[in-house]
Amino acid sequence: MSNLNPHQQKCVSYEGHLLIVACPGSGKTTVLSHRANYLLEKYPNKNLLAVTFTKDAAEELKSRIQGRSPEAKRRIGAGTFHSLSKTLLIRGGYTVNLLSDVEMRAIIQDIVDNNFNENEVPKMKVILEKFSEIQSAIEPMKHPIIMRVPVMKFIFEEYERIKRTSRKMDFADLLYLSVREMRAGNLLPFAADYILGDESQDMDEVQHAWVKCHADHNSEITLVSDDDQSVYAFRQASGYEGLQQFKRELGAEQMLLPVNYRCGHKILGYAENLIQHNNPDRVDKPIEAGNPRMGRVVVTSAFPPPPDYNTVPEELVGVSNAILQHSQAWYSNDDTKNSLCEWAILARKNNILNHMEVALTENNLPFVRKSSSIWDVTIAKQYVYILKYLSTGEWFGMALYLKQFFNDETLFDPEVKCLMDAYEIASAELSEHEDILATLNNFVYMEQRWRSLLESDGDEGVDGVTSCIEDVASFVIANISDNFSEKKIGFFQSVVEICRDKLAKHKGQPLKKRIFKETFKFGSNEKALEAKKAEAIAKGIPIIHLLTLHGSKGLEFDNVVMVGCDDKNFLEPKSDGTLPNPHEERRLFYVGMTRAKNQLLLTCSLNKDVPPALDEKGNILVPSTFIREAAPGIEIVPNSNIILS
């Protein structure tokens, strides 16, 4: 343990229930693996279980522990809350027959359709959000939503009844049932002498109860957390309050890991300024900088915005151009070629990243985006629906595309498998609707044209597949609804053109294979990513990661750009009229800032033709409240580029 600092050593060797509160970049996973090694070596007859939220995190933590304690391999277990709960239920004699997400939605939709008019119930997205809240409670039937909202009470009770009669479970049942049965004495917890939990600020009420059941059966619990990085309230994460409850109930000792080895001094200082505005509802941490570099923080409003976000904002185009040109204003003189190579562009919303992807593509800048992508934009999905129909005969997507032109049940008739089927049924049943028949007739004609192009592929060097891809793209662009604003139509056109070019580059390959290559989301391949990064360093070009702020949690990068740093994205009311929690949004901003090791750029849009607003004291308001909190006294004016000192 000689390579650990005194705070880390103290956490490793403590015996008893322990809550470790770790600041970003403090080596918490290293501490967990050292603590596991310490306990396994000191007590050779005892075993240990690590519990996490994701499969990847469980495998990573288990690998690290086994790396330090290879002789104790058989005494080490690891898994997610849900996978471990499933194991407990199966051991207890339960048959675990899980509903898929599609089946869950179908059951709920059927309940809604059979019992309510459309205007009597929330949208499916809202219903699923409410279900998540209800199912994160130890006593779901006493949840305030059940008690106060009769419609939701009926839907949830019916859903539970259908699950019981069909002997099915959903994902949330794995945890809920295992906790209920452990509490009732019908299910034995894991016989683990030690349980180690990571990211415990994200645990909800049921997960805390799962841990408590094991503590009640003599497991010694160690939880690692950072309440300042609790950003999953929408998943009912209990954050600071849950951690304090854990301390009280188990009499756990609280220890700090206050040394941040990631961020340069300046970056860390401004981040700490920001998060202290969440006092007193947080664990106060005197964060220390362990990175010897000073780091650099730039706030810029140099890119004036368009009237709305329906086209690629100039802010994002400016970020793309600046990375491409390696703008010297962003770098310290001692930056190396290596540290300039890897960038992360972080945004509050995926929609902003869609625009960013367009801007980067137009500059031929390589980027990595693991979750959502430009293919998830509605217009791109519609483009793929047509191409999949042509390549595999997949009708459902094609029907969804046609639905925007006329909403008729004919499209989803079980007898309809293709456009000609739809036209023949419509001709018999909708003969008086000449507009519908004309639209279908046009699509039948276009299908014949596109299939003719595909059939010509390979004839005397003809690339019929690419010709079809290009012709379908032109058709989709020409048929974008004119109900959208001119700027949004322009954005949609750019998206289709980029998707077209991505598919067209796979010369000589069939359409189905091209679609698969571009749209299938592979799992992360760290070796391939490292090879790509090494190649970029050699060529002097940047590798760019596109991430939401939530998706960036747990990661670190030499250079970070946070785009869209304005109150529009962080503090404006949601679509349902509710206000975002400013403490949660501040934590999210803090997470973004503390991903940066050397360079942090905060960009925002500020219209140069409109004077900035003033607060009650006459001070200039910056676009983001959080920038002002991080850098008290800062004044941002249009076309400014401020390097914080």
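How much area does the chain expose, and what share of it do carbon and sulfur atoms supply? The exposed area is about 30,500 Å², and carbon and sulfur atoms supply 49% of it. Keep in mind that this is a predicted model.

**The whole chain.** Show the chain as a cartoon. Its secondary structure comes to 25 helices and 15 strands. Of the 645 residues, 51% are buried. Among contacts with a separation of 6 or more, 75% join residues 24 or more positions apart.

**Strand 4.** Select residues 194-197, which make up strand 4. Turn on the side chains: Tyr 194 and Leu 196 point one way, while Ile 195 and Gly 197 point the other way. All of these residues are buried.

**Its partners.** Add residues 48-52, which are strand 2. Strand 2 runs parallel to strand 4, and four bridges join the two. Look for Leu 48, which stands opposite Tyr 194. Next add strand 5, residues 220-225, which also pairs with strand 4 in the parallel sense over four bridges. Here the bridge partner of Tyr 194 is Glu 220. To follow the chain from strand 4 to strand 5, select helix 10, residues 205-215. The path passes through helix 10, and this β-α-β crossover is right-handed.

**A patch on the surface.** Now select Phe 396, Leu 400 and Phe 412. Together they form a nonpolar surface patch with about 280 Å² of accessible area. Phe 396 lies in helix 16, residues 395-402. Why does Phe 396 count as exposed? Its relative accessibility is 54%, and exposed means over 50%.

Notes
Residues numbered from 1 in each chain as written. Predicted model: local features only at pLDDT ≥ 70, side-chain atom pairs only at ≥ 80, totals over all residues. Heavy atoms only, no water. Patch = residues over 30% accessible without salt bridge, like charges linked within 9 Å, V, L, I, M, F, W, Y side chains within 5 Å. Areas by Shrake-Rupley, 256 points an atom, 1.4 Å probe, with all protein chains shown as cover. Salt bridge = Lys/Arg side-chain N within 4 Å of Asp/Glu carboxyl O. Buried < 20%, exposed > 50% of the residue type's maximum accessible area, 1.4 Å probe, protein only. Contact = heavy atoms within 4.5 Å. Pairing = 2+ DSSP bridges. Right-handed = clockwise from strand over helix to strand, strands pointing away.
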